[in-house]
Amino acid sequence: MVQGLYDFWLKELADYYIEALKPVMKGEDQEARKAALNTLYICLDSGLRMLHPTMPYLTEELFQRLPHRAGEVPESICIAPFPTGCISFASEDVESQVASLQAIVSKFRSQFAALNIAKNANPTIFVKCNDKSLYGAFASETEVFKSLIRAGECTILSASDAEPSGCLASFISDDLTVYIKVEGVVDIKLEIERVNKRNAQLIQLRDKLVQKINMKGYADKVPEQVRNENTDKL
(Lines give C-alpha, C1' and ligand atoms only; values in the text may rest on other atoms or scores of the structure.)
Protein backbone atom coordinates (compact mmCIF):
# COMPACT_ATOMS: atom_id res chain seq x y z
CA MET A 1 0.00 0.00 0.00
CA VAL A 2 2.85 2.39 0.85
CA GLN A 3 4.38 1.83 -2.60
CA GLY A 4 0.98 2.50 -4.17
CA LEU A 5 0.66 5.80 -2.31
CA TYR A 6 4.19 6.77 -3.33
CA ASP A 7 3.43 6.03 -6.99
CA PHE A 8 0.13 7.92 -6.81
CA TRP A 9 1.62 11.11 -5.36
CA LEU A 10 4.88 11.22 -7.27
CA LYS A 11 4.36 9.38 -10.54
CA GLU A 12 0.68 10.02 -11.28
CA LEU A 13 -0.50 13.15 -9.49
CA ALA A 14 2.68 15.28 -9.54
CA ASP A 15 4.33 13.98 -12.68
CA TYR A 16 1.27 13.75 -14.90
CA TYR A 17 -1.92 15.34 -13.66
CA ILE A 18 -0.53 18.58 -12.23
CA GLU A 19 1.68 19.05 -15.31
CA ALA A 20 -1.30 18.40 -17.58
CA LEU A 21 -3.30 21.02 -15.64
CA LYS A 22 -0.97 23.88 -16.55
CA PRO A 23 -2.32 24.59 -20.07
CA VAL A 24 -5.89 24.18 -18.78
CA MET A 25 -5.30 26.76 -16.05
CA LYS A 26 -3.76 29.17 -18.56
CA GLY A 27 -6.71 28.75 -20.94
CA GLU A 28 -9.95 30.69 -21.16
CA ASP A 29 -12.35 27.76 -20.70
CA GLN A 30 -13.74 28.40 -17.22
CA GLU A 31 -15.72 25.14 -17.10
CA ALA A 32 -12.61 23.14 -17.94
CA ARG A 33 -10.66 24.95 -15.22
CA LYS A 34 -13.41 24.30 -12.69
CA ALA A 35 -13.56 20.59 -13.55
CA ALA A 36 -9.78 20.28 -13.37
CA LEU A 37 -9.58 21.97 -9.97
CA ASN A 38 -12.44 19.87 -8.58
CA THR A 39 -10.66 16.72 -9.69
CA LEU A 40 -7.40 17.94 -8.14
CA TYR A 41 -9.22 18.69 -4.88
CA ILE A 42 -10.66 15.15 -4.73
CA CYS A 43 -7.21 13.66 -5.42
CA LEU A 44 -5.53 15.76 -2.71
CA ASP A 45 -8.27 15.25 -0.13
CA SER A 46 -8.45 11.48 -0.58
CA GLY A 47 -4.69 11.15 -1.01
CA LEU A 48 -3.99 12.93 2.29
CA ARG A 49 -6.52 10.79 4.14
CA MET A 50 -4.87 7.61 2.83
CA LEU A 51 -1.41 8.91 3.69
CA HIS A 52 -2.35 10.10 7.19
CA PRO A 53 -1.59 6.87 9.14
CA THR A 54 2.03 6.90 7.95
CA MET A 55 2.61 10.69 7.96
CA PRO A 56 0.20 12.12 10.57
CA TYR A 57 1.64 15.59 11.22
CA LEU A 58 2.40 16.61 7.64
CA THR A 59 -0.96 15.37 6.35
CA GLU A 60 -2.82 17.22 9.11
CA GLU A 61 -1.08 20.48 8.18
CA LEU A 62 -1.81 20.07 4.46
CA PHE A 63 -5.38 18.90 5.11
CA GLN A 64 -6.05 22.13 7.03
CA ARG A 65 -4.78 24.17 4.07
CA LEU A 66 -7.21 22.63 1.59
CA PRO A 67 -10.15 24.94 0.79
CA HIS A 68 -12.85 22.78 2.39
CA ARG A 69 -16.42 23.95 2.39
CA ALA A 70 -17.61 24.90 5.86
CA GLY A 71 -19.46 22.09 7.62
CA GLU A 72 -18.77 19.47 4.96
CA VAL A 73 -15.46 18.15 6.27
CA PRO A 74 -14.32 17.14 9.79
CA GLU A 75 -12.20 19.69 11.65
CA SER A 76 -9.24 17.31 11.77
CA ILE A 77 -7.96 14.62 9.42
CA CYS A 78 -7.65 12.39 12.51
CA ILE A 79 -11.43 11.95 12.54
CA ALA A 80 -11.99 12.14 8.79
CA PRO A 81 -13.31 8.89 7.24
CA PHE A 82 -10.66 6.79 5.55
CA PRO A 83 -11.34 6.38 1.78
CA THR A 84 -12.72 2.92 1.07
CA GLY A 85 -13.78 3.29 -2.55
CA CYS A 86 -13.98 5.62 -5.50
CA ILE A 87 -16.65 6.25 -8.09
CA SER A 88 -15.05 6.36 -11.53
CA PHE A 89 -16.78 7.83 -14.55
CA ALA A 90 -13.93 6.91 -16.87
CA SER A 91 -14.67 4.39 -19.60
CA GLU A 92 -12.28 1.65 -20.68
CA ASP A 93 -11.41 3.78 -23.72
CA VAL A 94 -10.30 6.64 -21.47
CA GLU A 95 -8.16 4.30 -19.34
CA SER A 96 -6.53 2.96 -22.51
CA GLN A 97 -5.96 6.47 -23.86
CA VAL A 98 -4.29 7.58 -20.63
CA ALA A 99 -2.04 4.51 -20.74
CA SER A 100 -1.09 5.39 -24.32
CA LEU A 101 -0.42 9.01 -23.34
CA GLN A 102 1.88 7.86 -20.53
CA ALA A 103 3.73 5.53 -22.92
CA ILE A 104 4.23 8.43 -25.36
CA VAL A 105 5.48 10.79 -22.67
CA SER A 106 7.82 8.15 -21.25
CA LYS A 107 9.27 7.43 -24.70
CA PHE A 108 9.88 11.11 -25.44
CA ARG A 109 11.51 11.70 -22.05
CA SER A 110 13.84 8.70 -22.41
CA GLN A 111 14.79 9.78 -25.94
CA PHE A 112 15.49 13.33 -24.77
CA ALA A 113 17.80 11.92 -22.10
CA ALA A 114 19.51 9.55 -24.52
CA LEU A 115 20.14 12.37 -26.98
CA ASN A 116 21.33 14.74 -24.23
CA ILE A 117 18.73 17.33 -25.25
CA ALA A 118 18.85 20.31 -22.90
CA LYS A 119 15.76 20.86 -20.73
CA ASN A 120 15.26 24.33 -22.20
CA ALA A 121 15.69 23.20 -25.83
CA ASN A 122 11.94 22.60 -26.33
CA PRO A 123 12.26 20.58 -29.56
CA THR A 124 9.43 20.11 -32.05
CA ILE A 125 7.71 16.74 -31.67
CA PHE A 126 5.24 14.66 -33.66
CA VAL A 127 2.96 11.80 -32.58
CA LYS A 128 1.61 9.51 -35.29
CA CYS A 129 -1.60 7.66 -34.40
CA ASN A 130 -2.67 4.83 -36.69
CA ASP A 131 -5.70 4.28 -34.47
CA LYS A 132 -8.59 6.67 -35.25
CA SER A 133 -9.85 6.83 -31.66
CA LEU A 134 -6.39 7.74 -30.35
CA TYR A 135 -5.98 10.35 -33.06
CA GLY A 136 -9.35 11.85 -32.15
CA ALA A 137 -8.47 11.91 -28.45
CA PHE A 138 -4.98 13.39 -28.88
CA ALA A 139 -5.52 15.84 -31.75
CA SER A 140 -7.00 18.48 -29.44
CA GLU A 141 -4.58 17.88 -26.56
CA THR A 142 -1.32 19.14 -28.06
CA GLU A 143 -0.89 21.68 -25.25
CA VAL A 144 -1.02 18.87 -22.70
CA PHE A 145 1.69 16.96 -24.56
CA LYS A 146 3.84 20.10 -24.75
CA SER A 147 3.50 20.62 -21.00
CA LEU A 148 4.23 17.00 -20.06
CA ILE A 149 7.16 16.62 -22.47
CA ARG A 150 8.51 20.20 -22.39
CA ALA A 151 8.31 20.47 -26.15
CA GLY A 152 8.11 23.52 -28.37
CA GLU A 153 5.59 22.52 -31.00
CA CYS A 154 3.52 19.35 -31.04
CA THR A 155 1.67 17.90 -34.04
CA ILE A 156 -0.59 14.85 -33.98
CA LEU A 157 -0.40 12.90 -37.25
CA SER A 158 -2.98 10.47 -38.61
CA ALA A 159 -2.21 7.19 -40.36
CA SER A 160 -2.43 8.87 -43.78
CA ASP A 161 0.00 11.69 -42.96
CA ALA A 162 3.57 11.49 -44.27
CA GLU A 163 6.45 11.03 -41.89
CA PRO A 164 8.03 14.37 -40.90
CA SER A 165 11.54 15.08 -42.19
CA GLY A 166 14.64 15.73 -40.11
CA CYS A 167 13.31 13.64 -37.24
CA LEU A 168 14.36 10.71 -35.12
CA ALA A 169 11.54 8.14 -35.06
CA SER A 170 10.77 5.84 -32.13
CA PHE A 171 8.30 2.97 -32.38
CA ILE A 172 5.94 2.42 -29.42
CA SER A 173 3.32 0.06 -30.84
CA ASP A 174 1.48 -0.74 -34.06
CA ASP A 175 -0.70 2.29 -33.35
CA LEU A 176 1.88 4.80 -32.12
CA THR A 177 5.15 6.24 -33.42
CA VAL A 178 6.82 9.37 -32.05
CA TYR A 179 9.23 11.74 -33.78
CA ILE A 180 11.71 14.29 -32.45
CA LYS A 181 12.88 17.07 -34.74
CA VAL A 182 16.63 16.80 -34.23
CA GLU A 183 17.76 19.25 -36.90
CA GLY A 184 19.19 22.27 -35.12
CA VAL A 185 18.74 20.63 -31.71
CA VAL A 186 21.13 17.68 -31.72
CA ASP A 187 24.68 17.57 -33.08
CA ILE A 188 24.18 14.52 -35.29
CA LYS A 189 27.91 14.03 -35.97
CA LEU A 190 28.65 14.08 -32.25
CA GLU A 191 25.85 11.63 -31.52
CA ILE A 192 27.09 9.23 -34.22
CA GLU A 193 30.57 9.37 -32.68
CA ARG A 194 29.12 8.69 -29.22
CA VAL A 195 27.06 5.74 -30.45
CA ASN A 196 30.02 4.30 -32.38
CA LYS A 197 32.19 4.57 -29.27
CA ARG A 198 29.59 2.77 -27.17
CA ASN A 199 29.16 0.16 -29.89
CA ALA A 200 32.91 -0.51 -29.90
CA GLN A 201 32.83 -1.01 -26.12
CA LEU A 202 29.96 -3.49 -26.44
CA ILE A 203 31.74 -5.41 -29.19
CA GLN A 204 34.83 -5.68 -26.98
CA LEU A 205 32.75 -6.98 -24.06
CA ARG A 206 30.99 -9.44 -26.35
CA ASP A 207 34.27 -10.79 -27.75
CA LYS A 208 35.67 -11.33 -24.25
CA LEU A 209 32.54 -13.19 -23.24
CA VAL A 210 32.62 -15.39 -26.36
CA GLN A 211 36.25 -16.17 -25.63
CA LYS A 212 35.37 -17.19 -22.08
CA ILE A 213 32.46 -19.37 -23.19
CA ASN A 214 34.62 -21.14 -25.79
CA MET A 215 37.41 -21.97 -23.33
CA LYS A 216 38.24 -25.63 -22.93
CA GLY A 217 36.32 -27.24 -20.07
CA TYR A 218 33.91 -24.31 -19.73
CA ALA A 219 30.81 -26.52 -19.65
CA ASP A 220 32.32 -28.81 -16.97
CA LYS A 221 34.04 -26.26 -14.71
CA VAL A 222 31.59 -23.36 -14.72
CA PRO A 223 28.35 -23.72 -12.67
CA GLU A 224 25.14 -23.92 -14.69
CA GLN A 225 23.74 -20.73 -13.16
CA VAL A 226 26.82 -18.76 -14.25
CA ARG A 227 26.67 -20.28 -17.72
CA ASN A 228 23.04 -19.25 -18.05
CA GLU A 229 23.86 -15.72 -16.89
CA ASN A 230 26.66 -15.47 -19.44
CA THR A 231 24.37 -16.71 -22.20
CA ASP A 232 21.73 -14.13 -21.29
CA LYS A 233 24.38 -11.40 -21.12
CA LEU A 234 25.73 -12.37 -24.55
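**Helix pair α1/α2**

I looked first at how α1 passes α2, and the crossing is left-handed. The model is a predicted one. I took α1 as residues 2–26 and α2 as residues 30–51. Their axes lie 11 Å apart, and the packing angle is about 165 degrees. Angles over 145 degrees count as roughly antiparallel, so α1 is roughly antiparallel to α2.

Next I listed the residues in the contact. From α1 I noted, among them, Leu 5, Phe 8, Trp 9, Leu 13 and Tyr 17. Further along α1, Ile 18, Leu 21, Val 24 and Met 25 also take part. On the α2 side I found residues including Ala 32, Arg 33, Ala 36, Leu 37 and Thr 39. Leu 40, Cys 43, Leu 44, Gly 47, Leu 48, Met 50 and Leu 51 belong to the α2 side too. I then sorted the contact by class: 18 residues are nonpolar, two are polar and one is charged.

**The sheet**

I turned to the strands. In what order do the four strands stand? I read β2-β1-β4-β3, in an open sheet with mixed pairing. β2 (154–158) and β3 (167–171) are at the edges. Each has a single partner strand, so one side of each has no neighbour in the sheet. From one strand to the next, the twist averages 20 degrees.

I checked one pairing more closely. β3 and β4 (residues 176–181) run antiparallel and share five bridges. Within this part of the sheet, Ala 169 is opposite Tyr 179 of β4.

I also asked which helix lies across β1 and β2. Helix α6 (residues 142–149) does, with β1 spanning 125–129. I noted its angle to β2 as about 125 degrees.

**Positive phi**

Last, I went through backbone angles. Most residues other than glycine have a negative phi. I noted two non-glycine residues with a positive value, Asn 116 and Arg 150.

Asn 116 has a phi of about 55 degrees. I placed Asn 116 in the loop between α4 (92–114) and β1. Is Asn 116 buried or exposed? Its relative accessibility is 54%, so I logged Asn 116 as exposed, the cut-off for that being over 50%.

Arg 150 has a phi near 60 degrees. I found Arg 150 in the loop between α6 and β2. Its relative accessible area is 48%, so I entered Arg 150 as partly exposed.

Key. Residues are numbered from 1 along each chain as its sequence is written. This is a predicted model: local features need pLDDT of at least 70, side-chain atom pairs count only at pLDDT 80 or more; totals for chains, interfaces and linings use all residues. Side-chain values use heavy atoms; hydrogens and water are left out. Two strands pair if DSSP finds at least two bridges between them. Helices (H or I, at least four residues) and strands (E, at least two) are DSSP runs, numbered from the N terminus. Axes are lines fitted to C-alpha atoms, for helices over the stretch in contact, and angles run from 0 to 180 degrees between N-to-C directions. Contact means heavy atoms within 4.5 Å. Angles under 35 degrees count as roughly parallel, over 145 as roughly antiparallel, 65 to 115 as roughly perpendicular and the rest as oblique. A crossing is left-handed if the near helix is turned anticlockwise from the far one by less than a right angle, and right-handed if clockwise. Ala, Val, Leu, Ile, Met, Phe, Trp, Tyr, Cys and Pro count as nonpolar, Asp, Glu, Lys and Arg as charged, and the others, Gly among them, as polar. Buried means under 20% relative accessible area, exposed over 50%, partly exposed in between (1.4 Å probe, protein chains only).
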